[in-house]
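Student: I would like a close look at one part of this model. Pick a single strand and walk me through its surroundings.

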Amino acid sequence: MGHYRVAVNLELTSKCNARCIMCPREAVLHPRAMKLDTLRQAVERLSPGDVFRTVIAGYGEPTTHPQFEACMQIISQAAVPMDMVSNGQLLDRERLRLIDGVVNTLIISFSSIAPQVYAAVHRNLDQKQVMDNIILARQLLKSTRLAISLTPLSSCIETLPQTINWLREQGVESLTMSPSLYDRAGSLDDASGQESSLRKIIKQYGLRSQELDFVPSLRELYLQWRCNRFKCIPRNTDLVIAADGSYQYCFNDMGHTHPLGHLSEMDIRTVLKVREGTVENPELCSSCSIRNRYRPAEFARAVYGYLRS
Ligand SMILES: C[S@@+](CC[C@H](N)C(=O)[O-])C[C@H]1O[C@@H](n2cnc3c(N)ncnc32)[C@H](O)[C@@H]1O
Ligand code: SF4
């Protein structure tokens with residue numbers, strides 16, 4: 001059978017300087033920063049035959065890593081494209097200089113131009129500082145692309161047109177959004193049937209659907225589906241390396257309670273083989289809303305979107 005690649009989600013740190021309303025961070029049991037040796041080992045494991053893209057994100061804020069400069073030096077050695085997701089608060093001149101040319105795309109998460117909406121969603125962050133940093137990133141980044149990840153919460157949709165206008169005025173062209181509400185398994189928003197309305201919003205405002213960035217090719221998506229006993233597409237397209245160096249069953253396991261192995265003992269091809277044999281985990285999967293995204297009708301829409309893109 002053919003060979004498929006995945007995206008890797010690399011958790012540089014599970015500590016954070018924010019308390020965003022949609023983020024299930026309280027489930028992170030032992031917040032920690034990745035040790036530099038662990039990061040080196042992770043970067044060595046990222047072979048282009050297994051990984052088509054790495055996203056430095058996890059459930060923490062990468063820019064809070066206490067050895068950020070050393071991290072960027074190590075990441076610059078990676079053999080696959082490295083993207084980074086940040087809340088933007090600490091993206092000052094110095095960090096942007098370290099990021100430029102090392103990170104392929106820097107993605108800043110942003111909820112709204114309206115101060116009251118931003119403060120209610122991105123708790124603990126300073127909206128003005130983040131907006132200033134978006135402007136600074138536009139000016140300073142020469143080799144790294146800048147993208148904004150817009151927050152798919154009902155409370156942000158009303159001010160979305162103004163938010164998009166402001167970002168476009170700053171020259172930010174790449175605006176993305178997840179087609180799944182950040183509803184924390186239904187506890188924040190009434191998610192029923194809203195995936196298709198989010199897809200309409202994504203289309204209406206010319207945004208890019210984030211799910212497309214996790215598909216290396218339709219052939220590899222098919223192979224992921226064929227090879228894995230548990231046919232959960234969002235899980236099977238992505239592999240989490242947690243801050244402690246463990247490979248995780250799924251990115252939705254914030255508590256990191258189901259490790260599949262450790263960087264020190266197996267390479268990525270081996271852990272993918274281990275994961276292929278695993279089955280659904282009711283403890284994690286029964287309340288997962290992202291899974292619904294890939295019921296047949298949604299899956300067809302996603303494939304259509306991928307072909308159009
Ligand atoms: C968890 S954050 C980590 C990186 C960084 N701290 C940030 O906020 O951009 C990565 C992305 O996940 C998104 N996110 C937050 N809560 C989420 C949820 N419940 N479901 C899916 N994505 C979520 C954030 O908006 C952000 O774009
Ligand atoms: S900044 Fe990112 S990791 Fe931190 S609370 Fe917000 S979404 Fe979660």
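Tutor: Keep in mind that this is a predicted model. Start with the ligand shell, then move to the strand. Around ligand 2 sit C16, A18, R19, C20, C23, R25, Y59, G60, E61 and N87. By class, that shell holds 5 nonpolar, 2 polar and 3 charged residues.

Now the chain as a whole. The chain has 13 helices and 10 strands. Of its 309 residues, 39% are buried. Take the contacts between residues at least 6 apart in sequence: 76% of them join residues at least 24 apart.

The part to inspect is strand 6, residues 174-177. Which of its side chains are buried? L175 and M177 are, and they point to one face. S174 and T176 point to the other face and are not buried. Why the alternation? In a regular strand, side chains alternate between the two faces of the sheet.

Next, the partners. Strand 6 pairs with strand 5, which spans residues 145-150. The sense is parallel, with 4 bridges. Here T176 of strand 6 stands opposite S149. T176 is one of the residues that are not buried.

Strand 6 also pairs with strand 7, residues 208-209. That pairing is parallel too, over 2 bridges. M177 stands opposite S209 in strand 7. M177 belongs to the buried face, along with L175.

To put it together: strand 6 pairs in the parallel sense with strand 5 and with strand 7. Its side chains alternate, with L175 and M177 buried on one face and S174 and T176 on the other.

Terms used: Residues numbered from 1 in each chain as written. Chains lettered and ligands numbered in written order. Predicted model: local features only at pLDDT ≥ 70, side-chain atom pairs only at ≥ 80, totals over all residues. Buried ≥ 20, exposed ≤ 12 C-beta atoms within 10 Å, placed from the backbone. Contact = placed C-beta atoms within 7 Å. Near = placed C-beta within 6 Å. Nonpolar A, V, L, I, M, F, W, Y, C, P; charged D, E, K, R; others polar. Pairing = 2+ DSSP bridges.
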